[in-house]
Amino acid sequence: MARWLFKEEPSHYSFADLERDGTTTWDGVANALALRHLRAVRPGDRVLLYHTGKEKAVVGELEVVAAAGDESGVTVRPVRRLQHPVPLSRIKSEAALADWELVRLPRLSVMPVTGAQWRRVEELGREPEE
């Protein structure tokens with residue numbers, strides 16, 4: 001199982017929309033590096049959903065349930081909402097997350113997440129923001 005982060009503008013499609021719909025196809029990625037990452041995503045992989053725009057926070061966890069036939073998208077389902085959204089400002093303040101593509105390449109919409117990064121985001125998601 002690999003781990004990923006997908007970004008989306010919540011006014012376009014939010015975690016709440018996915019909870020309502022049950023599943024959705026994640027596609028429409030244009031950036032070459034993000035598309036290469038998306039093509040590596042497989043069923044069973046886990047995904048952190050990051051809301052862009054005014055929110056700028058990791059808000060929930062998704063599971064990939066199917067790959068798109070044309071390799072330009074995947075079908076995801078919601079797993080859980082984080083207890084507390086993890087804002088980008090908090091992520092940037094964490095030394096353990098400083099080299100993450102989320103911090104270094106802010107326009108990238110699909111990126112890998114290491115096990116250590118995933119665990120730290122989960123920990124931060126259990127703590128209320130100070």
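1. In this predicted model, a polar atom of the K56 side chain lies 3.1 Å from the backbone oxygen of G53. K56 itself belongs to the loop that connects β3 with β4, the latter spanning 57-67.

2. The relative accessible area of K56 is 43%. K56 is therefore classed as partly exposed, since that category covers values between the 20% limit for buried and the 50% limit for exposed residues.

3. When neighbours within four places in sequence are left aside, K56 is in contact with Y50, H51, V86, P87 and L88. One of these residues, H51, also takes part in strand pairing, as the bridge partner of E8 in β3. With respect to V79, which is 23 residues away along the chain, the C-alpha atom of K56 is separated by 20 Å from that of V79.

4. Strand β1 comprises residues 3-8, and 5 of its 6 residues are buried. β1 is thus largely enclosed by the rest of the structure.

5. β1 pairs with strand β3, residues 46-51, through 6 bridges. The two strands, β1 and β3, run parallel. Within this pairing, E8 is matched with H51 of β3.

6. β1 also pairs with strand β6, residues 110-112. Here the sense is antiparallel and 3 bridges are found. At this pairing, F6 stands opposite V110 of β6.

7. Taken together, β1 has a parallel partner in β3 and an antiparallel partner in β6. The loop between β3 and β4 holds K56, whose side chain has a polar atom 3.1 Å from the backbone oxygen of G53.

Note on methods. Residues are numbered from 1 along each chain as its sequence is written. This is a predicted model: local features need pLDDT of at least 70, side-chain atom pairs count only at pLDDT 80 or more; totals for chains, interfaces and linings use all residues. Side-chain values use heavy atoms; hydrogens and water are left out. Buried means under 20% relative accessible area, exposed over 50%, partly exposed in between (1.4 Å probe, protein chains only). Helices (H or I, at least four residues) and strands (E, at least two) are DSSP runs, numbered from the N terminus. Two strands pair if DSSP finds at least two bridges between them. Contact means heavy atoms within 4.5 Å. A polar contact is a pair of N or O atoms within 3.5 Å; within protein, one must be able to donate a hydrogen and the other to accept it, and residues adjacent in sequence count only if both atoms are side-chain atoms.
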